[in-house]
Amino acid sequence: MNSVKVIEGDITKVQVDAIVNAANTTLMGGGGVDGAIHRAAGPALYAACEKFGGCPTGEARITSGFNLPARYIIHTPGPVWHGGNHGEDQLLANSYRNSLKLAEANGCRTVAFPSISTGVYSFPLDRAAEIAVRTINEFLQTASHVEEVTMVCFDPVTAKAYRNAIR
Ligand code: AR6
């Protein structure tokens, strides 16, 4: 059965077909989960990302996983929170949906997401979790390859928000 689940942990260590990176529009690395993924994947990831010439908010791009256990890394810039009246909800849903479309197009069965936009980009956690879970569940209803989506949360507060959103 297709499902979304929640674990607490470090997304760079997860063995799945594709992990998603909460990137910025340059795709050239940064802090948070983006920094952790670039460190763990190695310098070849930087070179691969350079070729894209950036990525608009809500869209996604795919690279190899390089030194990670994951086969692919899907990079998506989530929205910066500007109070909620600047299309943030839709842009966050776009990040999840476009990442899953790329996973599907590349034959991925298992996909792991971090909590996109709820760190440096300050998107309110409960609201982000609800949008993420709804968008993933909608996608899973029509997916043929993607079967298992895991939210990999870095701390207990984040994990709790996503567990609540699933109920
Ligand atoms: N595994 C899983 N989750 C993690 C990890 C990890 N190794 N490290 C951090 N998190 P953030 P954003 C969590 O700030 O809000 C970067 O500089 C973190 O605790 O990484 O989308 C980019 O380059 C939080 O719950 O992403 C952009 O400029 C979640 O990942 C900007 O930050 C997202 O936090 C993107 O900001």
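What follows is a conversation about the ligand and the pocket in this predicted model.

Trainee: How do you know that Asn24 belongs to the residues that surround the ligand?

Mentor: A residue counts as near a molecule if one of its heavy atoms lies within 4 Å of it, and 22 residues surround the ligand in this way, with Asn24, Gly31, Asp34, Ser117 and Gly119 being the closest.

Trainee: What makes the pair formed by isoleucine 11 and the ligand a polar contact?

Mentor: The cut-off for a pair of N or O atoms is 3.5 Å, and a nitrogen atom of the ligand lies 3.0 Å from a polar backbone atom of isoleucine 11, so the pair is a polar contact. Valine 33 can be treated likewise, since one of its backbone N or O atoms is 2.9 Å from an oxygen atom of the ligand. For threonine 118, a polar backbone atom is 3.5 Å from an oxygen atom of the ligand, and because the definition says within 3.5 Å, this pair is counted too.

Trainee: How much of the ligand does the protein bury?

Mentor: The ligand taken alone exposes 700 Å², and the protein buries 90% of that area.

Trainee: Which pocket does the ligand take up?

Mentor: The ligand takes up the space of the largest pocket, whose volume is about 550 Å³. This pocket is lined by 26 residues, and those nearest its centre are Ala22, Gly32, Val33, Asp34 and Gly119.

Trainee: Which elements give two or more residues to the lining of the largest pocket?

Mentor: They are strand 2, helix 1 and strand 6 (148–153), and helix 1 gives the most, with 4 residues. In the shell around the ligand, the elements that give two or more residues are strand 2 (18–23) and helix 1 (32–41), and helix 1 again provides the largest share, 4 residues.

Trainee: Why is Gly119, one of the closest residues to the ligand, called polar?

Mentor: Gly119 is a glycine, and the grouping used here places Gly among the polar residues, so Gly119 is called polar. By this grouping the shell around the ligand divides into 10 nonpolar, 10 polar and 2 charged residues, while the lining of the largest pocket divides into 12 nonpolar, 11 polar and 3 charged.

Methods: Residues are numbered from 1 along each chain as its sequence is written. This is a predicted model: local features need pLDDT of at least 70, side-chain atom pairs count only at pLDDT 80 or more; totals for chains, interfaces and linings use all residues. Side-chain values use heavy atoms; hydrogens and water are left out. A polar contact is a pair of N or O atoms within 3.5 Å; within protein, one must be able to donate a hydrogen and the other to accept it, and residues adjacent in sequence count only if both atoms are side-chain atoms. Accessible areas come from the Shrake-Rupley method with a 1.4 Å probe; for residues, only the protein chains shown count as cover. On a 1 Å grid over the protein atoms alone, a cavity is a set of points where a 1.4 Å probe fits but cannot get out, and a pocket is an open set with protein on both sides within 12 Å along at least five of seven lines; lining residues have an atom within 4 Å of a point. A molecule sits in a cavity or pocket if more than half of its atoms lie within 2 Å of its grid points. Grid points are joined across faces, edges and corners, and a volume is the space filled by probe spheres set on the points.
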